[in-house]
Every structure is written in structure tokens, then in C-alpha cells.
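Q: Could you take a close look at one part of this protein for me, and walk me through how it fits with its surroundings?

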Amino acid sequence: MDLEGLHSFATIAKEKSISKAAQTLHVTQPTLSARIRKLEEGMGVKLLDRGWDGVKLTQEGHYFLYYAIQMVSQFNNASAMLNKAHLLKFDLSLAEVTRMDRVVIGIDTGLSSRFVYPLVAELRRIRPDLKCKYVSRSSMLLIDLIEYGVIDIGLFYDVKDCRQLQSVHLLDDEWVLLCSEETYKGVIRKDDFIDVLKSDMFVLFENPIATYLNVWEALSGLFGSTPDKFQIVDSSDMMLGVVANGQGYTFVPKCYVPDLYLEAYPIRMIPFGSMLPALPVCIAYSESVQLGVPIGELQRRLLARCMPG
């Protein structure tokens, strides 16, 4: 998948015409069509429907457009930062964000609210002078970034083969069912709870692969079928806000739910580990990082902070 193909696809979607998009991009229509065919073949899905009245996005194309625009935008932002920092008077910022002596620390997006404070506290205790860059990404991406040497320390769910990493198991994160306090209190008899949820909307992450929301088997076991009404969210913060307002229920790893939300928002969290396997949380070093303590010691200190007593 190349940037040229992504830009071409996004331009066609905007212009709703291959001919107009070709004019905008200053290329011929055959060239533009060839780029889209190459993109579709690489992805293995059809992105555009072509007809006498122009082009329309397929269902897959409509879903992918958000990611295509985002990737093109990220490339353009990085390119502008690297090439135009002196014009934009960002020279100091560029020097700081690109310096090589910072330790890059990545935490899974769902884990960051629970683990960023204890991790930073321990790193400060171990190396008070440590210069760091903190990033939040999905676990699958974090593992790749550690393997490529982009991230020095990662805290993530063990969602793929990590044998190449110097990683240790931190804890097992259990699944919980989340619903609003209003929904929970509206059930007169606890036996009716399943029936109430069954008629409610399920809050589904837009990219379930990136958020490990593989709960269809549990839903089938709970209800005898899978939901047919959905709310779609793209982050754990969005999910918590939707659930708190009584707009649906969901299953998530427990670490996705900060104590702050349980205290401040009307959310009911119900343990549900019996129907879904726990998700191992791991911490890993790259080979180059030098903290002065072994990874097992950092693991012990983190557990002491996260689970006092």
C-alpha cells in the first residue's frame, strides 16, 4: 500500500468522480484507475463502485476512507514538521521531538489511564534524570514498534507472539460487563437483567481487532444470539461516555475502566471473567534501553504500586 494510492482514493471520494479527481491530481484517468486497482488488489477488497453516474464508495470503501485520510494527514504533518520547522518557527520543537537520547515509552491506549502514573513514578525513582517520550497506541502496533526499535519500553496486552521481545508477564486483565447505573437499577428482578440487556444496544469498537473486543462467543452464550443494534465508538473514553449515558452496554478488559470514571460517572461494572479468557498484560524492553534495573524488578515495583498490599 503506497501513499500515492491512498491520496488518489481520498481524492476520488472527495470529488465523487474519477475524471475530476484526475484533473485535481494532474494525472490521466487511466493512471488514476490503475492506482485504485493496485490499492484494491493489495487490500483484497473493493473500495469503489463504478457506474455511468460516476463512482460511489462501497461499504468497505466508506469504512477505509477515514483511515486513508488519517494516514495521508499524518504523513503530511510529519513532512511539514521535518521540512518547514524553520519557516513555522518550530526549530526548538523539532530539535526536541527528534533527539535520539530520549527513552520512548509506549502504553496501550486502554491501559494508559491505569498504568501511566505508576510507571512514570517508578521510572522517576530509578532514573530521575531520564528524558522520555510517552506514546499511546494499540498493543499490536506497540509490539511491532518495540521489535523495530522505535519504542524502548512497552506495556501492552499479549495479543501476538512476543517471543522476540524481552518481556515479562505483569498481570491478567479480566473482562467486565459495563452498563449504566440507570439500566442496572431499572431491573426489578435480577433474573430480568439479561432480557433488559438483550433489547439494548451493544457498544462496539470501530476496530475490534485493535481493541481485542472478541466477545461474540460470550454474547451468544449469554443471550443465545448476537446483538442486532449497535453504537460504534473509536476509543475507551468514548465508550465510557456512551455507556454512562445509558446508550448501550459492552464488554471490556477491566483496566479500560479507570477508578475515576466509576467514582464520577453512573457506570455499573459487573465481573464477567468466567465467560471470557483473561488478557495477559506484559511489559517489555528493547535491547538498547539502559535503566539500571532488570525488567523483573520493574515488574515487581509496578505490581506493588498497582496492587498495594
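**A strand and its neighbours**

Q: Please focus on strand β3 (residues 103-108): which strands does it pair with, and is it buried or exposed?

A: Happy to! Keep in mind that this is a predicted model. For a sense of scale, the protein has 14 helices and twelve strands, and its C-alpha trace spans about 70 × 55 × 35 Å along the principal axes. Of its 309 residues, 41% are buried.

Let's begin with the surroundings of β3. Six of the six residues in this strand are buried, so β3 is largely enclosed by the rest of the structure. Buried here means a relative accessible area under 20%. If you follow the side chains along the strand, V103, I105 and I107 point one way, while V104, G106 and D108 point the other way. Both sets are buried, D108 included.

Now for the partners. As general background, strands of a sheet pair through backbone hydrogen bonds, either parallel or antiparallel. In the case of β3, the pairing with strand β4 (residues 132-137) is parallel and runs over six bridges. To find this pairing on your screen, look for I107, which stands opposite S136 in β4. β3 also pairs with strand β5 (residues 153-157), again in the parallel sense, over three bridges. Here a handy landmark is I105, which stands opposite I153 in β5. Notice that I105 and I107 belong to the set of residues that point one way from β3.

The next thing to trace is the link to a helix. Together, β3, α6 and β4 make a right-handed β-α-β unit. The helix of this unit, α6, covers residues 112-126, and it brings us to the surface. V116, Y117, V120 and Y134 form a nonpolar surface patch of about 390 Å². Helix α6 gives the largest share of that patch, with three residues. One of the patch residues in α6 is V116. With a relative accessibility of 34%, V116 counts as partly exposed, because that class lies between the 20% limit for buried and the 50% limit for exposed. So the unit that holds the enclosed strand β3 also holds a helix that contributes to a nonpolar surface patch.

For contrast, have a look at a sheet with antiparallel pairing. Three strands form an open sheet in the order β10-β7-β11. Its edge strands are β10 (250-253) and β11 (267-271), each of which pairs on one side only. From one strand to the next, the twist averages 35°. Strand β7 (residues 175-180) and β11 run antiparallel and are joined by five bridges, and S180 stands opposite I267 in β11.

Finally, two loop residues are worth a glance while you have the model open. Most residues other than glycine have a negative phi. K16, however, has a positive phi near 60°, and sits in the loop between α1 (3-15) and α2 (18-25). Its relative accessibility of 58% makes K16 exposed. H26 also has a positive phi, of about 60°, without being a glycine. You will find H26 in the loop between α2 and α3 (29-43), where a relative accessibility of 71% puts H26 among the exposed residues.

Note on methods
Residues are numbered from 1 along each chain as its sequence is written. This is a predicted model: local features need pLDDT of at least 70, side-chain atom pairs count only at pLDDT 80 or more; totals for chains, interfaces and linings use all residues. Side-chain values use heavy atoms; hydrogens and water are left out. Patches are made of residues with over 30% relative accessible area and no salt bridge: like charges are joined within 9 Å, nonpolar side chains (Val, Leu, Ile, Met, Phe, Trp, Tyr) within 5 Å. Accessible areas come from the Shrake-Rupley method with a 1.4 Å probe; for residues, only the protein chains shown count as cover. A salt bridge is a side-chain nitrogen of Lys or Arg within 4 Å of a carboxyl oxygen of Asp or Glu. Helices (H or I, at least four residues) and strands (E, at least two) are DSSP runs, numbered from the N terminus. Buried means under 20% relative accessible area, exposed over 50%, partly exposed in between (1.4 Å probe, protein chains only). Two strands pair if DSSP finds at least two bridges between them. A crossover is right-handed if, with the strands pointing away from the viewer, the path from the first strand over the helix to the second runs clockwise. Axes are lines fitted to C-alpha atoms, for helices over the stretch in contact, and angles run from 0 to 180 degrees between N-to-C directions.
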